[in-house]
Amino acid sequence: MIGVTTAIVQDKRIRKQDGTYAIKLRITHNREQKYYPLNIHLTPEDWKKAQSKNPRNQFKELQIYFNKIEQKALEVIRTLDSFSFSSFEKKFIKKTVSQSTDVLSHLKYHIQYLKEEGQIGNSENYKCTMNSITKFIQNNGRKKLNFSDITPEWLSVYEKWMLENGKSITTISMYLRSLRAIFNKALDEGIIARDIYPFSKRKYQIPAGRNVKKAIPLATIKQIVNYMPETPAEEKARDLWLFSYLCNGANVKDLARLQYKNIDAHKITFIRAKTERTSKKNLKPIVVMLIPEIKAIIEKWGTQPKDSDNFVFDILEHADTPLMEHRKIHQATKTINKYMKRIGIKLGIETKLTTYTARHSFATVLKRSGASIEFISESLGHKDLRTTENYLDSFEDSVKEEFQKKLLDFD
């Protein structure tokens, strides 16, 4: 097809710890390029050997495999009436990686794809799902699991097994939603027939994870603000927790990625890291007014110099790979939570203080101050008001009591 070219290339944008880079199929159409991982990683030296005129041993096998993949891509392109990346992907994935109806193979491919895209946290969620399913089927003496094997009855037994092995409803819900996503991909790609799809109201419904409220009242926030830290590490953790609370409940990843160019004389503007990939269009920035308390935290803990591209806090470096970024943010979150737990114990706060508490508390305090759900939803960066409602805690007992008294307030 005119205007479409193919190539097998080594993608040097992300280097693995062992010094290898991913080998991918590159498709170019009207100057736009997309890359498709082949689940193969090579050093630059080995890649050069696989590209030589007369490769030997495993490099010859690799060259044959690469040629075969490219040939399949060309065959798919020839069958398309008009080229689009989405139409190509449906046929190509079905013809190569997704030819198998083995669920674990699809999970492995999707995990690798997420890693290649830098979505490390998401890939870990799918990996946990795959490990759980693998353990379950091995306990039943099986090594493979086809889509057709997953019936509503199978899902009910799997759910029961997870409960018996100590998994929470929230974890079970996460695993089954990941499995359903893989089913939906297979359905979209025409790999499975709709009549075997087991997830529906009349077949099997994924249990809803219990929404454990994590917000704390304004009086408790005041305790944290007035607390006198005993060590610099404790003080920094407390301040970053408060920064998250004051900055619309920004999570640690948002804090870590914050750069001085996101800050002007009056406000902080940033895009939530969580929505950068899920919402390609119409991304709504989070806007936080630069109140004195926020300025003070930046002055105290902000990096120097305050160049436009410098990170505000010393969590990340620009040279970090997605995996390194994921690990650093995980460690920063863990550190903040460790010290906030200690502070909570010292202050006699029953609720476990975590970075997640800061986000929930921001939303809940705003609600109790009279802010509309629409305003809170925009502040949090939610696209759906129902998501915002899940963040909002119920009112304290004292507030309920005041309203209850009004039922007999005849004066």
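In this predicted model, Trp241 contacts residues from several stretches of the chain that lie beyond four places in sequence, among them Ile216, Ile221 and Ile224. Further partners of Trp241 include Ile336 and Met340. Thr354, Thr355, Thr357 and Ala358 also touch Trp241.

Trp241 belongs to the largest nonpolar core, which holds 44 residues. Within that core, Trp241 is one of the residues that touch the most other members. Ile224, Phe243, Ile268, Ile294, Ile298 and Phe313 share this standing. A second core lies apart from the largest one. This other core has 32 residues, including Tyr126, Leu176, Ile191 and Ile206. In soluble globular proteins, nonpolar side chains tend to be buried together.

Ile268 also takes part in strand pairing. Strands E4 (residues 267–270) and E5 pair in the antiparallel sense, with four bridges between them. Ile268 stands opposite Val288 of E5. Side chains alternate along E5, which spans residues 286–289. Ile286 and Val288 point to one face and are buried. Val287 and Met289 point to the other face and are not buried.

Salt bridges were then examined. The whole structure contains 16 of them. Asp239 pairs with Lys300, and their closest N and O atoms are 2.9 Å apart. Asp239 lies in helix H9 (residues 232–246) and Lys300 in helix H12 (residues 292–301), so this salt bridge ties together parts that are 61 residues apart in sequence. The two partners differ in exposure: Asp239 is buried, at 4% relative accessible area, whereas Lys300 is partly exposed, at 43%.

Asp254 forms a salt bridge with Arg272, with 3.7 Å between the closest N and O atoms. Asp254 belongs to helix H10 (residues 252–257), while Arg272 sits in the loop between E4 and helix H11 (273–278); the pair therefore ties together parts that are 18 residues apart in sequence. Asp254 has a relative accessibility of 4% and counts as buried. Arg272 is likewise buried, at 7%. Elsewhere, shared partners join salt bridges into one network of Glu235, Arg238, Asp239 and Lys300.

A further salt bridge links the side chains of Arg142 and Asp149, at 2.9 Å from N to O. Arg142 is partly exposed, with a relative accessible area of 35%. Asp149 is also partly exposed, at 23%; this value counts as partly exposed because buried means under 20%.

How values were computed. Residues are numbered from 1 along each chain as its sequence is written. This is a predicted model: local features need pLDDT of at least 70, side-chain atom pairs count only at pLDDT 80 or more; totals for chains, interfaces and linings use all residues. Side-chain values use heavy atoms; hydrogens and water are left out. A nonpolar core is a set of buried Ala, Val, Leu, Ile, Met, Phe, Trp, Tyr and Cys residues joined through side-chain atoms within 4.5 Å. Buried means under 20% relative accessible area, exposed over 50%, partly exposed in between (1.4 Å probe, protein chains only). Contact means heavy atoms within 4.5 Å. Helices (H or I, at least four residues) and strands (E, at least two) are DSSP runs, numbered from the N terminus. Two strands pair if DSSP finds at least two bridges between them. A salt bridge is a side-chain nitrogen of Lys or Arg within 4 Å of a carboxyl oxygen of Asp or Glu.
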